[in-house]
Amino acid sequence: MGYINSNYRCFIDIRFSGGDIQFDVSSDTQLFSFKSGIGFIAIPNFFLTLASLYKGEISEARIDCDGNFDYYIFSSDRKMLFIEHHGHYPEGIFNYEFNLKDYILAICTGFQEYLQELEREGILPLKNQEFAHPLGDDVLNAFHDFSSLLSS
């Protein structure tokens, strides 16, 4: 599923078996992929980190990837979002820079479109709340809290 805002695009991929997630945000010059296992933990943590950066509650946070040794350092001056991806395969540090508000808007819209597509396909709402489902109520509640950021 994709969203276009100015020059930012967002694509979401969530694997329901295993819970692996990937959120891609691209601009005209860069593509950043946030990947993690254990989506029911990683997604709310990702949303909470971005919200805290946006509100100025924190200026930097480390997010570890569940399922591999990579990690990300997200930092912000409240206008720009800076991301360091410390990768172990391929090895190295990869740096990204986005407008924070536009990045959050792209994530919100892309995730909302993804959820709407799953509703059209009859996947959502979940028939049963399985423990640790990457789109269970805890994750959806975290998204709704996150998406209200820009409207407040």
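**Notebook: loops, sheet and pockets**

I started with the loop between helix 2 and helix 3, where P125 sits. This is a predicted model, so I keep that in mind for everything below. The peptide bond leading from L124 into P125 is cis, and I read omega near -5°. My other backbone oddity is I38, a residue other than glycine with a positive phi near 50°. I38 belongs to the loop between strand 4 and helix 1. I flagged the pair because most residues other than glycine have a negative phi, and most peptide bonds are trans.

**Overall layout**

Next I looked up the inventory: the chain has 3 helices and 8 strands. Going along the sequence I wrote down β-β-β-β-α-β-β-β-β-α-α. For extent, I got a box of roughly 40 × 35 × 30 Å around the C-alpha atoms, taken along the principal axes. Does the radius of gyration agree or disagree with that of a compact globule? It agrees, because a compact globule of 152 residues would have a value near 15 Å and the chain has 15 Å.

**The open sheet**

I then traced the sheet made by 4 strands, which is open, antiparallel and ordered 5-6-7-8. Strand 5 (60–64) and strand 8 (91–99) are the edges; each has a single partner strand, so one side of each is left without a neighbour in the sheet. From one strand to the next, the twist averages 15°.

Pair by pair, I noted the following. Strand 5 runs antiparallel to strand 6 (residues 71–76), and 5 bridges join them. Within that pair, I found R62 opposite I73 of strand 6. Strand 7 and strand 8 are also antiparallel, with 9 bridges between them. Those two make a hairpin, and 2 residues lie between the strands. I checked H86 there and found that its bridge partner in strand 8 is I93. As a reminder to myself, strands of a sheet pair through backbone hydrogen bonds, either parallel or antiparallel.

**Helices against the sheet**

Which strands does helix 1 lie across? I found helix 1 (residues 39–55) across strand 5, strand 6 and strand 7 (80–88), at about 25° to strand 6. Helix 2 (residues 100–120) packs on the sheet too, where it touches strand 6, strand 7 and strand 8. The direction of helix 2 makes about 95° with that of strand 8.

**Largest pocket**

Then I went looking for pockets. The largest pocket comes out at a volume of about 220 Å³. It has 13 lining residues, and nearest its centre I listed S33, K35, D70, H85 and Y89. Strand 4 (31–36), strand 7 and strand 8 are the elements that give two or more residues to this lining. Which element supplies the largest share of the lining? Strand 4 does, with 4 residues. By character, I sorted the lining of the largest pocket into 7 nonpolar, 4 polar and 2 charged residues.

**Second largest pocket**

The second largest pocket holds about 160 Å³ of space. Among its 13 lining residues, I found L48, A51, K55, D145 and F146 closest to the centre. Helix 1 and helix 3 (137–147) are the elements that contribute two or more residues to the lining of the second largest pocket. Helix 1 gives the largest share, 6 residues. My breakdown for this lining is 7 nonpolar, 3 polar and 3 charged.

**Where this leaves my notes**

Helix 1 turns up twice in these entries. I have helix 1 lying across strand 5, strand 6 and strand 7, and also supplying 6 residues to the lining of the second largest pocket. Strand 7 and strand 8 recur as well: they form the hairpin, and each gives two or more residues to the lining of the largest pocket.

Terms used
Residues are numbered from 1 along each chain as its sequence is written. This is a predicted model: local features need pLDDT of at least 70, side-chain atom pairs count only at pLDDT 80 or more; totals for chains, interfaces and linings use all residues. Side-chain values use heavy atoms; hydrogens and water are left out. Two strands pair if DSSP finds at least two bridges between them. Axes are lines fitted to C-alpha atoms, for helices over the stretch in contact, and angles run from 0 to 180 degrees between N-to-C directions. Contact means heavy atoms within 4.5 Å. On a 1 Å grid over the protein atoms alone, a cavity is a set of points where a 1.4 Å probe fits but cannot get out, and a pocket is an open set with protein on both sides within 12 Å along at least five of seven lines; lining residues have an atom within 4 Å of a point. Grid points are joined across faces, edges and corners, and a volume is the space filled by probe spheres set on the points. Ala, Val, Leu, Ile, Met, Phe, Trp, Tyr, Cys and Pro count as nonpolar, Asp, Glu, Lys and Arg as charged, and the others, Gly among them, as polar. The radius of gyration is taken over C-alpha atoms; the globule rule is 2.2 Å times the number of residues to the power 0.38.
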